[in-house]
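Dear colleague,

I am passing on the structure below for your own work. My notes on it follow, and I would be glad if you could read them with the coordinates open.

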Amino acid sequence: SEGGSSNFDYFYLVRQWPATFCNDHTCTHSPPNRFKFTIHGMWPQRTDGTWPEYCDPGNPFSVAKILDLLPSMIRTWPSWSGENRAFWSHEWTRHGTCAERLVGGERGFFKAVLGLHKQLRIEDALAAAGIGPSGEKAYEGRVLQRALKDGLGTYHHIFCDAKGNLAEVWSCVGLDLRPFDCGAQRDAPALRGPSALPPQNNACGLRVKIPPLDRRYARRGA
Ligand code: 5GP
Ligand code: 5GP
């Protein structure tokens, strides 16, 4: 394509529900008991369902470039499994480097993600529809999506684990770093959720649960 244009079409801003992550993985850190989704990453994506990754191995993660962002990073982009820096480094190297020119380098990437995360408050959208973590309640996937659309203004992909627990919420973000409505792409054949989950269970069904964070998840020396 033309010089200066990107090798991808849009981004997914990916947030996760920590209780589900820690139900399905061994967590080394215990998420606090509050209704806050945390950032997983922001991933360049193509409309054909493919995506570029590991685009610039010569530009490794440097925490020195984001020192001023660290308080927000620690609060909103923690790793529940392993060290924060290893998680951030992975996300930068695998995904961020594919957008480095578009976002203005590593600092621009993390700043953009933090800004979008603050702007698109999943919890507020769900809470406005009376939806929140519960050990008993279950919701239809499309009811969650309706609440996200009403509250955030755009279509959102949601992904569940094999037990029907809400795992991730994916927002579509354009090359102009503005959220956009990607509903038209939702049935792209190559679109899938986290591959650690069985594909048939990625789409959330009729009984989606948002498990509460009312117990300790950290397990050490498993
Ligand atoms: P991706 O390759 O998504 O960019 O990130 C790779 C891994 O991120 C996935 O295997 C997923 O399990 C993992 N992941 C999700 N949440 C966390 C977390 O809190 N900490 C770490 N270290 N990895 C996470
Ligand atoms: P997972 O096992 O987490 O699905 O997949 C491993 C990694 O592949 C993810 O953590 C993420 O880095 C990447 N990945 C999975 N699905 C997609 C996708 O649809 N788009 C992009 N850009 N990356 C994805």
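A salt bridge here is a side-chain nitrogen of Lys or Arg within 4 Å of a carboxyl oxygen of Asp or Glu. The model is a predicted one, and it holds six salt bridges.

One of these bridges joins the side chains of K149 and D181, with N and O 2.5 Å apart. Because K149 lies in helix α7 and D181 in the segment after β4, this pair ties together parts that are 32 residues apart in sequence. K149 is partly exposed, at 31% relative accessible area, and D181 is likewise partly exposed, at 34%.

Another pairs D24 with K163, where the closest N and O atoms are 3.3 Å apart. That contact links distant parts of the chain, since D24 sits in helix α1 and K163 in the loop between β3 and β4, 139 residues apart. Here D24 is partly exposed, at 31%, whereas K163 is exposed, at 51%.

Strand β1 gives another picture: seven of its seven residues are buried, so the strand is largely enclosed by the rest of the structure. Y10, Y12, V14 and Q16 point one way from β1, while F11, L13 and R15 point the other way. The strand runs antiparallel to β2, joined by seven bridges, and antiparallel to β4, joined by six. Among the bridge partners, Y10 is matched with Q45 in β2, and Q16 with E168 in β4.

On the surface, finally, R34, K36, R75, K118 and R121 gather in a patch of positive charge; K36, found in the loop between α1 and β2, is partly exposed at 38% relative accessibility.

With best regards

Conventions: Residues numbered from 1 in each chain as written. Chains lettered and ligands numbered in written order. Predicted model: local features only at pLDDT ≥ 70, side-chain atom pairs only at ≥ 80, totals over all residues. Heavy atoms only, no water. Buried < 20%, exposed > 50% of the residue type's maximum accessible area, 1.4 Å probe, protein only. Helix = DSSP H or I, 4+ residues; strand = E, 2+ residues; numbered from the N terminus. Pairing = 2+ DSSP bridges. Patch = residues over 30% accessible without salt bridge, like charges linked within 9 Å, V, L, I, M, F, W, Y side chains within 5 Å. Areas by Shrake-Rupley, 256 points an atom, 1.4 Å probe, with all protein chains shown as cover. Lys, Arg positive; Asp, Glu negative; His and termini not counted. Charge placed at Lys NZ, Arg CZ, Asp CG, Glu CD.
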